[in-house]
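Hi everyone, thanks for making time. I'd like to walk you through one model, so have a look at it while I talk.

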2 protein chains.
Amino acid sequence: MNRSAKRINIKDVAAQAGVHASTVSRVLNPDTVSMVSVAVAEKVIKIAREMGYQPSAIAAGLRTGRSYTVGVLIPDLTNPIFPHIVRGIERTLDQEGYIAVIADSDNSRKNEHAILDSMQARRVDGLILATAHRKDALVDSCIAESIPIVLVNRTTDTHAATEVINDDEWGIGLAVEHLVQLGHRRIAFLGGPLDTSTGRDRQRAFTKYGRADRFEFDPELLVDCRAFTESEGYRGFASLLDKGREFSAVVAANDLLALGGYDALGEAGMQCPRDISVTGFNDMLFMDRLRPPLTTVHIPLDEMGVKAAELLLSLIRDPAMETTSVKLAPRLVVRGSTAAPKH
Amino acid sequence: MNRSAKRINIKDVAAQAGVHASTVSRVLNPDTVSMVSVAVAEKVIKIAREMGYQPSAIAAGLRTGRSYTVGVLIPDLTNPIFPHIVRGIERTLDQEGYIAVIADSDNSRKNEHAILDSMQARRVDGLILATAHRKDALVDSCIAESIPIVLVNRTTDTHAATEVINDDEWGIGLAVEHLVQLGHRRIAFLGGPLDTSTGRDRQRAFTKYGRADRFEFDPELLVDCRAFTESEGYRGFASLLDKGREFSAVVAANDLLALGGYDALGEAGMQCPRDISVTGFNDMLFMDRLRPPLTTVHIPLDEMGVKAAELLLSLIRDPAMETTSVKLAPRLVVRGSTAAPKH
């Protein structure tokens, strides 16, 4: 910022404290403060505070090799799950003096690479990626270049990076068991994109419970959507109806797909849950206020952000840290979109 | 990032191009590229690209005095209006090679100051603030220190900073006229915090239309909420009901207040719109999917972000630019929460 005229620098603090500038520099760097006596350190800190000394993070970064900045890549900030994850990340980073640079790739792989370039040019100390695909060149290159990264919400097939994800198999199991308890036997699945771990794992879990005869499994009742969006949910649900096969409930791989399902269902003159029960996944904002309120799988978004930030800070401090996988347990929230089947 | 071993630097590009490093530096800086012949500039750019040269923004910042980073302060990222504003800001900044550092103050003035310190330490080139209060020490100090700032969504009483806001008077007028056309005469107002421009301007507009006899104005039917939240809307609406005065419609100063109103209304055994019509403000995500879908005032969120970013970039380039006020026109979206009064 354009305030150089007023800016107090290290030399000013040193002059006031009667010590050499390098001493001030040592005191203000957590890695070197132990090289200075406690009495001197306390004096320097007190004077620096009184004078309103504001260390330049750019200059500190050049000295310590750290920018105290972390990049956060989000596929779509307007998807209401991400602001909650970001808030958990920011709160945790802030406690350690780090700041987050948040970028929204608008679901484009091309953007992701441009954003990464831009973040690298700013020498971020590490990255939290919510954008991972099962095969992900961005993740691979970060690993190859030893850039500290943590994946959040989604992961890659290799699991080569530290990750904080949901237990998707457990979550789908909760939705399936709830419908089975209500008496549903013919259950359809509105799946997400299979190139994401969440899309693949949720579909795989549904298939697993079906093949274990928890319900009458019919592979024709599985539909893949190309994206986790309302419009794809609408398209997917409409294509399910077009097949003309009997079903009384739908497990959707996320809430937005379920909402698209609501639209297709309404357009076909059917009612939820009277004609078809619907479950979602994520428990996004306002899902309790819909017509009907959505029965869904609640995931701990804030906790995911906190854990991801904690792991990244550990990785930045100890790049040799072992790759870790944290899997958080979701829980079912039963609302008005599920009921016993008609017949 | 820890990739110094592989990093191509200016000297490598210079050696390959057969020119001096300072020539490469001039070519890669938009302010000095004109000092170099077109032929040499083209050659250097071609070679830099082929070698995968990645300029360090920190180093470039120290050379040009710019960080190409803009700070964005949001009062609450989980309020679904902000991600859309942020997306407009990011897209616009990105086109000019700038990056946004987004920070969420969690509605706390204390946090705002800490965040500003942290952003100043990182020498952001300017700030976009969505956090303004009518009296705002943060805004005052940015102006005093000639830090380029743009206020978005809210502004201060002084209007001393460049701002991109909504025409709140127009918006409230749309809601009031809609209710009047439906036949409502006794209309209540669920207002926002009066220390924000949006809270004050929306209340002032409602009072103005009332005093102009567009409906039977009753000052007892105006309630102020302490924050734009569902819980405050609930509390405010309940206190309206407690007054025991007759009203058939409520204009809420934002959607979250209206949702809190829905809750209080339901708890009192009343139905919307059968017993009471309700209007919101903002048209947040999923307002079309509520029980009942909310009639509300739609504001152009993405456009607000785009305009704010454009103005900030102009200010950074020309700090002497005159203070500008952009007021965007909202529009009414009529849905199921409004109907003719019962009697």
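Okay, so the largest nonpolar core here contains 180 residues. This is a predicted model, by the way, so keep that in mind as we go. Which residues have the most contacts inside that core? They're Ile128(A), Val150(A) and Ile128(B). If you're new to this, here's the background: in soluble globular proteins, nonpolar side chains tend to be buried together.

Let's zoom in on Val150(A). What does Val150(A) touch, if we skip residues up to four places away in sequence? One of its contacts is Ile128(A), which we just met. Then there's a run from Ala161(A) through Thr162(A) and Glu163(A) to Val164(A). And finally Val150(A) reaches Ala308(A), Leu311(A), Leu312(A) and Leu315(A).

Apart from the largest core there's another one, with 8 residues. Among them are Val13(B), Val27(B), Val36(B) and Val44(B).

Two of those names come back when we turn to helices. Helix 1 of chain B covers residues 10-17, and helix 3 of chain B covers residues 38-50. Their axes are 9 Å apart, and they pack at an angle of about 120 degrees. Because of that angle, helix 1 of chain B counts as oblique to helix 3 of chain B. The crossing between the two is right-handed. So who meets whom? From helix 1 of chain B we have Val13(B), Gln16(B) and Ala17(B), and from helix 3 of chain B we have Lys43(B), Val44(B), Ile47(B) and Ala48(B). Sorted by class, this contact has 5 nonpolar residues, 1 polar and 1 charged.

While we're on helix 3 of chain B, Ala39(B) sits there too. Is Ala39(B) buried or exposed? It's exposed, because it has 8 other C-beta atoms within 10 Å, and 12 or fewer counts as exposed. Ala39(B) and Met287(B) are 248 residues apart in sequence, and their C-alpha atoms are 57 Å apart in space.

One last pair, again in chain B. Helix 10 of chain B, residues 230-242, packs with helix 11 of chain B, residues 255-267, at an angle of about 50 degrees. The axes of these two are 6 Å apart. That angle makes helix 10 of chain B oblique to helix 11 of chain B, and their crossing is right-handed. Residues making the contact include Tyr234(B) and Phe237(B) of helix 10 of chain B, and Leu257(B) and Ala264(B) of helix 11 of chain B. By class, that contact has 10 nonpolar, 5 polar and 3 charged residues.

That's it from me, thanks!

How values were computed: Residues are numbered from 1 along each chain as its sequence is written. Chains are lettered from A and ligands numbered from 1 in the order in which they are written. This is a predicted model: local features need pLDDT of at least 70, side-chain atom pairs count only at pLDDT 80 or more; totals for chains, interfaces and linings use all residues. A nonpolar core is a set of buried Ala, Val, Leu, Ile, Met, Phe, Trp, Tyr and Cys residues joined through C-beta atoms within 7 Å. A residue is buried if 20 or more other C-beta atoms lie within 10 Å of its own, exposed if 12 or fewer, and partly exposed in between; C-beta atoms are placed from the backbone. Two residues are in contact if their C-beta atoms, placed from the backbone, lie within 7 Å. Axes are lines fitted to C-alpha atoms, for helices over the stretch in contact, and angles run from 0 to 180 degrees between N-to-C directions. Helices (H or I, at least four residues) and strands (E, at least two) are DSSP runs, numbered from the N terminus. Angles under 35 degrees count as roughly parallel, over 145 as roughly antiparallel, 65 to 115 as roughly perpendicular and the rest as oblique. A crossing is left-handed if the near helix is turned anticlockwise from the far one by less than a right angle, and right-handed if clockwise. Ala, Val, Leu, Ile, Met, Phe, Trp, Tyr, Cys and Pro count as nonpolar, Asp, Glu, Lys and Arg as charged, and the others, Gly among them, as polar.
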